[in-house]
Amino acid sequence: MADEALSAGAVARRLGVAVTTLRTWHQRYGLGPSEHVPGHHRRYTPADLARLEIMRRLTAQGVTPAEAARWARRAPDAVPADAAVPPRVRAVAGRDGGGSTIPVGRAGPAARGLARAAMRLDAVAIGETIARAVQADGVIATWDGLLRPVLFGIGERHAATGGLVEVEHLMSRCVSEAFAVAARAGAPAGPPRIVLTCADEEQHTLPLEALAAALAEAGVGYRMLGARMPLPALLEAVNRTGPAAVVIWSHTRATADPTQLNALLAAPRRPLLVLAAGPGWLADSLPAGVVRPVDLTEAVSLALALRDSLDQATAD
């Protein structure tokens, strides 16, 4: 059992919740780690993890934490099917990773509504929800607070069931369309200063599209090269246009080849700033001179700082 036990951080990552949430569930509802080795922190066993998964699923569906905890404290396969169990509790707790909903954690009612629209394959409602959020809160807040939780929930449910492929495809298309509209609406008049590209063989483009829309909203010009950009083609684009910065997105370790970064640093028209964006890149594998932004906000902040520096240099 010891080699199967998990730390609080590992459990939090698996469930998609904060470590502080785990502490709260432990302190208030007794859903804590049960394995104890003298001289070491307590660790979560597979049984603990199963109970926490029920807790997470029920609270994501709107069940109160206290009620969810009562059922989570039971063995995962022991939730009764009698009439005393509230229907929504029975429906959620009785599923083993499946079901007809998308978990969004504590993302809020807008995310829950978007998740329901995604499950209905309601492209109109999805598009309208995203457009309203972008107009009211901006691209970054929409991405972080609305879209990421729903997209993460779709991925989580797909990993558990193998389903929702059609939901993921429709949702991705709607997000791309919404960001394209936002990017066109905010397109600056000045010359493009930044090249946005996926790493070679990388096909996940939505975060890069979110960055493009956020840059446009901030008044920073860019060129979007998109998915699966071969290194020779990227170098040709850089040498032809001489951008001040290049952002290379990698979603997975398989596409995060530092050779691409080294080649950019050695290019005849080397950009002033090279950003390695995305979870595929490991900080300790990056060449000197490459910056790894932690999130969309930092990437936009770096781009704004670079633009302001160039504008100041031009004015002087």
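Biologist: Which residue in β2 does Leu196 stand opposite?
Modeller: Leu196 stands opposite Met224 there. Keep in mind that this is a predicted model.

Biologist: OK. How many bridges join β1 to β2, and do the strands run parallel or antiparallel?
Modeller: Four bridges join them, and the two strands run parallel.

Biologist: What sits between β1 and β2 in the β-α-β unit?
Modeller: That's α10, and the unit that β1, α10 and β2 make is right-handed. Helix α10 covers residues 206–218 and lies across β1, β2 and β3. Relative to β1, α10 runs at about 165°.

Biologist: And β3, how does that pair with β1?
Modeller: In the parallel sense, over five bridges. Strand β1 is residues 194–198 and strand β3 is residues 245–249. For a residue to look at, Ile194 stands opposite Ala245 in β3.

Biologist: Which other helix packs on the sheet?
Modeller: Helix α13, residues 296–315, packs on it and touches β1, β3, β4 (273–277) and β5. The direction of α13 makes about 170° with that of β4.

Biologist: Zooming out, what's the strand order in the sheet?
Modeller: It goes β2-β1-β3-β4-β5, five strands in an open sheet with parallel pairing.

Biologist: Why do β2 and β5 each have one side without a neighbour in the sheet?
Modeller: Because β2 (222–226) and β5 (290–291) stand at the edges, and each has a single partner strand.

Biologist: Switching topic: how many aromatic pairs are there?
Modeller: The count comes to one. The partners are Trp143 and Phe179, with ring centres 6.1 Å apart. Their planes are at 55°, so the pair is tilted.

Biologist: Where along the chain are Trp143 and Phe179?
Modeller: Trp143 is in helix α8 (residues 139–161) and Phe179 is in helix α9 (residues 165–185). They're 36 residues apart, and the pair links distant parts of the chain.

Biologist: Are those two buried or exposed?
Modeller: Trp143 is buried, and Phe179 is too.

Biologist: Now the largest nonpolar core. Which residues touch the most other members?
Modeller: Ile126, Leu147 and Met171, out of 51 residues in that core.

Biologist: What is Ile126 in contact with, leaving aside its neighbours within four places in sequence?
Modeller: Leu114, Ala117, Ala118, Leu170, Met171 and Cys174. Apart from that core lies another one, of 20 residues, including Leu22, Ile54, Ala68 and Trp71.

Notes. Residues numbered from 1 in each chain as written. Predicted model: local features only at pLDDT ≥ 70, side-chain atom pairs only at ≥ 80, totals over all residues. Heavy atoms only, no water. Core = buried A, V, L, I, M, F, W, Y, C linked by side-chain atoms within 4.5 Å. Buried < 20%, exposed > 50% of the residue type's maximum accessible area, 1.4 Å probe, protein only. Contact = heavy atoms within 4.5 Å. Phe/Tyr/Trp six-rings, centres within 6.5 Å; stacked < 30°, edge-to-face > 60°. Pairing = 2+ DSSP bridges. Axes fitted to C-alpha atoms, helices over the stretch in contact; angles between N-to-C directions. Right-handed = clockwise from strand over helix to strand, strands pointing away.
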